[in-house]
Structure formats: C-alpha cells, structure tokens
Amino acid sequence: MTRPRFRRRIGWLPRLDYFRPDGVDVSNIEEVVLTLDELEALRLADLEGLYQEEAAKRMNVSRQTFGRIIEEAHRKVADAIVNGKAIRITGGPVEFDENLVSAFDYCVCPNCGYIKPHERGKPCRFEVCPKCGSHMVRQVNIKKGGE
C-alpha cells in the first residue's frame, strides 16, 4: 500500500486550463495532463526565478519533492511541445495558501476580459459572458507580499 500524498500548497490558479497546437485537428490530438502542483512549480521556479529551496517552502514540500515535481512538469511540457500534444491543466493534490488568496475571486471572460464576482457553488465554466457569449474562467485574487 502506497503512502498518501500530502497536499501541496499553491497560491494561484491559471486563467486558462487548456492549450493546444494551432492547426491540429482537435479530434486526433493527444493530451498531456499537467497537475496544478506541477504548474505551480513551473511558475515559482521558471517564472519567478526562485531557488528550489524557497519554492519548496512556499509549496510546503521538501526540496527533494519539489525537484521531482518540477522535473515531471518539465518532462510533460517538453513532450507536449516536441510531439505536438495539447496540455490540459487539472487536478493534483493541492490546497490553497490562505495567506496569498483573498476571500474574493472572480469569473473572467478569456476573450473580452469581462469580470464578475464568483458565486460560491456555481462554477465559472458554466457562466456565459454577457458581452461576447464565451464561457468564463475563474480567477483568484492574489494578495502580494502578505498584504
């Protein structure tokens, strides 16, 4: 019996959760699933430029675990780019960092930018933008610097 994984702390949610190569037939495309903790590792290490020790502290994991998470994330992204696969971002053993996420989050239209407050219990992906008719995505309001 394997040991259950601890939840990894994340302080951010992506606006978009699906990426695919342009010009590829959607019905024949293979997908790579990137979990939210893997995306958080990419954001902290590659976008914010944190050392693994600091990034591991933010995610509440050991440096060795962070190293395994980011290695797997890099492998998946490389597989998608090199082999022309789509990337779906979903799932993973995560919890939100309450110090970074405020009580208010929003539903945002990815096409026109229309924003409305998120209604608890009503997923944003089922909301339709009143301006352009696109399905909306959730955006969490992140506090900066522990404000």
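Angles under 35 degrees count as roughly parallel, over 145 as roughly antiparallel, 65 to 115 as roughly perpendicular, and the rest as oblique. Two housekeeping notes: this is a predicted model, where local features need pLDDT of at least 70, side-chain atom pairs count only at pLDDT 80 or more, and totals for chains, interfaces and linings use all residues. Residues are numbered from 1 along each chain as its sequence is written, and side-chain values use heavy atoms, with hydrogens and water left out.

**Exercise 1.** Work out how helices α2 and α3 are oriented to each other.

*Solution.*
- Step 1: find the helices, which are DSSP runs of H or I with at least four residues, numbered from the N terminus. Here α2 covers residues 52-59 and α3 covers residues 63-83.
- Step 2: get the angle, using axes fitted to C-alpha atoms over the stretch in contact and N-to-C directions, on a scale from 0 to 180 degrees. The two axes come within 8 Å and cross at roughly 95 degrees.
- Step 3: classify. α2 and α3 are therefore roughly perpendicular to each other.
- Step 4: list who touches whom, with contact meaning heavy atoms within 4.5 Å. α2 brings Gln52, Glu53, Ala55, Ala56 and Met59, while α3 brings Arg63, Phe66, Gly67, Ile69 and Ile70.

**Exercise 2.** Lay out the open sheet and say which strands sit at its edges.

*Solution.*
- Step 1: strands (E, at least two residues) pair if DSSP finds at least two bridges between them. The order is β2-β4-β3, with mixed pairing.
- Step 2: β2 (18-19) and β3 (31-34) each pair on one side only, making them the edge strands.
- Step 3: two bridges join β2 to β4 (residues 86-89), and this pair runs antiparallel. Tyr18 stands opposite Arg88 in β4.
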